[in-house]
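Subject: Structure for you to look over

Dear colleague,

I am handing over the structure below, and I would be glad if you could read the notes that follow with the model open beside them.

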Amino acid sequence: MLNDFVEKVPKDTFTQLMDALISANTLKASEKEKILQNHTRVNMASCFIDIVMEKGTDASKDMITSLQTINPQLSSELSSPSSQDNKGKKHLFAGLRNRRLLSEEQEECWTQICPPWDKDAELKHWLKDSLENLRNKEVKYFRWYLRTANESKDGFRPIRRCRLKHADRLDILDLLLQMYPAKTKEVTEKILVKISSNTARNWILDLFEELGDKELKYCQMLLQSTHKLKGGTKAMKKIPVEGGEKVDAADLMMQMYSSQNREEVEKVLNELKESTDEVLSEDEQHSNPSSPAAATEKGVRSMLLDFIKKVSIETLEQLLKALVADKVLTASEMKCVLEKNHTRVNKASCLVDIVFERGVEDCQKVIHHVHSIDPALYTDLKTSQQALFKRLRSKLKEDGKTKDDGREEEGEEEEEGGAA
């Protein structure tokens, strides 16, 4: 009974269980980090079970065996009399996605989204069930299709990346109702069909989902520029653009995919990633990355995206009042942020979306007020930003060293050839 596990597992048992599965090579350290990004014990446990289930029967058995060792009492409580055999062990995992437990904060948000007297309650419960039945990876794909929607083809407009980056199931539900009030169910059904019909090719989206808008733009350019792809891999066939719309990079990759040429597509994907990284690196150099203005804008935007995930509702409400007093927002904009959005993440992302549109000066004012209102949050955001930039600088140095080593090897070969 997985719902009982999610509800009952103590935090120390849960931590030991993750460590045991990492030691057994069933769970990756990066997956543990992803689990710990959730803010409540219930959501951590739910995310953990989702990951284990996606790995298959062997991983599920490892999890149950480890639980029996770490917390025999809990294991006994969760197991039925028939659970000693494999069928019983599978039964333990039955029906997780039928009812994903909500935290207290989420329960309160859900009550605001769907009060008992709501005339659209049936639709909202359908949306909630549909999103809860998605695996974590499928939620990522759902966000992708919302972000890259083509209104002329799909019949609905896209939602900006900053609004989706940290959106969980309930945040997405709230956004669907807000952005597509007249056709919420239609939009949801279209995306669910895309996810289910592209099952064999969704791995392609794993490359693109984490890319920012600038990276996607370069992927688009590289896919249509045969001379920019390296390594000798056959470039993708250019598909005509309809109605002047940009060709979607992931859609192009999916159109060229088949079970016979997956290996070739994977080579193109890897090549594309390398080429995109190189072009972006060259573009950074040409645009003078040491420019204080460019560095400030990049840093502030990075902090605000992190702010969406980490800000408390209390800090957010104080911040909105301060921004109105500072004339960064109008009173009507503050009302819109608070009343149109029903979840903390959506309120925060709506604010960030507004100031992103206004420019770096207003973004800086938000950070300044965060510093005054919640110094601990400001320190956390600043520390995370510095760690990110440190990793990026390290990667650039490594890439530069690799290129220099390659040039040295070429020079040695030329010298040897000349001597011969």
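Two residues are taken to be in contact when heavy atoms of theirs lie within 4.5 Å. With that understood, and bearing in mind that this is a predicted model, Asp 154 is a convenient place to begin: leaving out residues up to four places away in sequence, Asp 154 touches Ala 149, Lys 190 and Lys 194. Asp 154 belongs to helix 11, which covers residues 151-154, and Asp 154 counts as buried because its relative accessibility is 14%, the limit for that class being under 20%.

Taking the chain as a whole, the secondary structure consists of 24 helices and zero strands, and 44% of the 420 residues are buried. Where contacts join residues at least 6 apart in sequence, 74% of them link residues at least 24 apart. The chain exposes about 23000 Å², of which carbon and sulfur atoms supply 49%.

The largest nonpolar core has 31 residues, and the members that touch the most others are Leu 304, Phe 307, Leu 351 and Val 370. Two or more residues of this core come from each of helix 19 (292-310), helix 20 (313-325), helix 21 (331-340), helix 22 (344-358), helix 23 (360-373) and helix 24 (375-419), with helix 22 giving the largest share, eight residues. Val 370 shows how these parts meet, since, with neighbours within four places in sequence set aside, Val 370 is in contact with Phe 307, Leu 319, Pro 375, Leu 377, Tyr 378 and Leu 381. A second, separate core of 30 residues has among its members Tyr 141, Leu 170, Ile 172 and Val 187.

Two helix pairs deserve your attention. The axes of helix 2 (residues 11-23) and helix 4 (residues 41-55) come within 11 Å and cross at roughly 25°, which means that helix 2 is roughly parallel to helix 4. The crossing of this pair is left-handed, and the contact is made by Lys 11, Phe 14, Leu 17, Met 18 and Leu 21 of helix 2 with Arg 41, Met 44, Ala 45, Phe 48 and Val 52 of helix 4. The axes of helix 21 and helix 22 come within 8 Å and cross at roughly 145°, in a right-handed crossing; here Glu 333, Val 337 and Leu 338 of helix 21 meet Lys 347, Cys 350, Leu 351, Ile 354 and Arg 358 of helix 22.

Ser 384 lies in helix 24 and counts as partly exposed, because its relative accessibility is 26%. Although Ser 384 and Met 303 are 81 residues apart in sequence, their C-alpha atoms are 8.0 Å apart in space, and Ser 384 is in contact with Asp 306 and Lys 310 when neighbours within four places in sequence are left aside.

Finally, there are two backbone angles to check. Most residues other than glycine have a negative phi. Asn 25, however, has a positive phi near 60°; Asn 25 is found in the loop between helix 2 and helix 3 (29-36) and counts as exposed, at 70% relative accessibility. Lys 327, likewise not a glycine, has a positive phi of about 65°, sits in the loop between helix 20 and helix 21 and is exposed, with a relative accessible area of 76%.

With best regards

Key:
Residues numbered from 1 in each chain as written. Predicted model: local features only at pLDDT ≥ 70, side-chain atom pairs only at ≥ 80, totals over all residues. Heavy atoms only, no water. Helix = DSSP H or I, 4+ residues; strand = E, 2+ residues; numbered from the N terminus. Buried < 20%, exposed > 50% of the residue type's maximum accessible area, 1.4 Å probe, protein only. Areas by Shrake-Rupley, 256 points an atom, 1.4 Å probe, with all protein chains shown as cover. Core = buried A, V, L, I, M, F, W, Y, C linked by side-chain atoms within 4.5 Å. Axes fitted to C-alpha atoms, helices over the stretch in contact; angles between N-to-C directions. Parallel < 35°, antiparallel > 145°, perpendicular 65-115°, else oblique. Left-handed = near helix turned anticlockwise from the far one by under 90°.
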